[in-house]
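Hi,

Here is the structure I promised to pass on. Have a look at it first, and then read on for what turned up.

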Amino acid sequence: MERSLIEFVDTLDQSLKKLHRRAGDDSGFARLTINQLHYIDAINTLGEPTITEIAEKLKITKASVTAGIKKLIQLGYLEKQQSTIDRRVFHVRLTNPAQELIQARFQALHHYGEFVRAALSEEEARQFQITLAKIVQLFKNQ
């Protein structure tokens with residue numbers, strides 16, 4: 001069991017890296033680091049968050065987020081906008097290239113999910129979904 005699980009995780013990791021490279025060729029995804037993708041995902045989830053909200057979501061320091069955001073602004077994936085309510089606060093939002101990247105990544109992952117689903121029977125797919133939900137919850141609670 002342990003060997004099969006290790007082989008599965010390794011194969012999944014390699015396959016997802018290939019998928020990301022293919023999706024990234026057109027969208028610019030390939031030139032981003034994993035951390036930069038985490039920032040973009042968090043901002044996409046949060047809407048137009050502040051640096052503090054991003055830091056809380058990613059469980060990292062505001063200084064780290066500030067540096068990461070600055071780089072993504074330079075790359076053209078993010079914009080900062082001053083709050084009209086509190087001039088000390090800035091909100092971060094995705095630019096069109098970042099939104100296109102999110103969409104390309106979603107489509108690639110959806111395609112990948114369909115690829116895996118096609119290899120399973122209805123019952124196997126149902127059991128696999130239940131098992132994956134448990135594993136995802138385990139990782140979220142880490």
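Leaving aside its neighbours within four places in sequence, which residues is threonine 50 in contact with? Before the answer, please keep in mind that this is a predicted model.

Threonine 50 sits in the loop that runs between helix 2 and helix 3. Once the neighbours within four places in sequence are set aside, its contacts are Val89, Phe90 and His91. Its relative accessibility is 14%, under the 20% limit, so threonine 50 counts as buried.

Now for the whole chain. You will find six helices and two strands in it, and from the N terminus on they follow the order α-α-α-α-β-β-α-α. The C-alpha atoms fill a box of roughly 55 × 35 × 25 Å along the principal axes. Of the 142 residues, 25% are buried. Among the contacts with a separation of 6 or more, 50% come from residues 24 or more positions apart.

Helix 2 is a good place to start looking around. This helix covers residues 34-46 and has 13 residues, with 18 Å from its first C-alpha to its last. That reach is close to the 18 Å expected at 1.5 Å a residue. Its buried residues are Gln36, Leu37, Tyr39, Ile40, Ala42 and Ile43. As a reminder, an α-helix has 3.6 residues a turn, so residues three or four places apart point the same way. The cover over the buried residues of helix 2 includes helix 3, helix 4 (62-74), strand 1 (78-82), strand 2 (90-94) and helix 5 (96-118). Just after helix 2 comes glycine 47, which has a positive phi, near 95 degrees.

Next, the packing of the helices. Two packed helices are described by the angle between their axes and the distance between the axes. For helix 2 and helix 3 (residues 51-58), the angle is about 110 degrees and the axes are 10 Å apart. An angle from 65 to 115 degrees counts as roughly perpendicular, so helix 2 is roughly perpendicular to helix 3. The crossing of these two helices is right-handed. On the helix 2 side, the contact is made by His38, Tyr39, Ala42, Ile43, Thr45 and Leu46, and on the helix 3 side by Glu53, Ile54, Lys57 and Leu58. By class, the residues of this contact are six nonpolar, two polar and two charged.

Helix 3 also packs on helix 4, at an angle of about 110 degrees and with the axes 9 Å apart. Helix 3 is therefore roughly perpendicular to helix 4. Their crossing is right-handed. Here Ile51, Thr52, Ile54 and Ala55 of helix 3 meet Lys62, Val65, Thr66 and Ile69 of helix 4. The classes in this contact come to five nonpolar, two polar and one charged. If you are tracing Ile54, you will see that it takes part in the contact with helix 2 and in the contact with helix 4.

One last residue to look up: is glutamine 74 buried or exposed? Glutamine 74 belongs to helix 4. Its relative accessibility is 57%, over the 50% limit, so glutamine 74 counts as exposed. From its C-alpha atom to that of glutamate 56, 18 residues away along the chain, the separation is 23 Å.

Enjoy looking through it!

Best wishes

Technical notes. Residues numbered from 1 in each chain as written. Predicted model: local features only at pLDDT ≥ 70, side-chain atom pairs only at ≥ 80, totals over all residues. Heavy atoms only, no water. Axes fitted to C-alpha atoms, helices over the stretch in contact; angles between N-to-C directions. Helix = DSSP H or I, 4+ residues; strand = E, 2+ residues; numbered from the N terminus. Parallel < 35°, antiparallel > 145°, perpendicular 65-115°, else oblique. Left-handed = near helix turned anticlockwise from the far one by under 90°. Contact = heavy atoms within 4.5 Å. Nonpolar A, V, L, I, M, F, W, Y, C, P; charged D, E, K, R; others polar. Expected span 1.5 Å × (residues − 1). Buried < 20%, exposed > 50% of the residue type's maximum accessible area, 1.4 Å probe, protein only.
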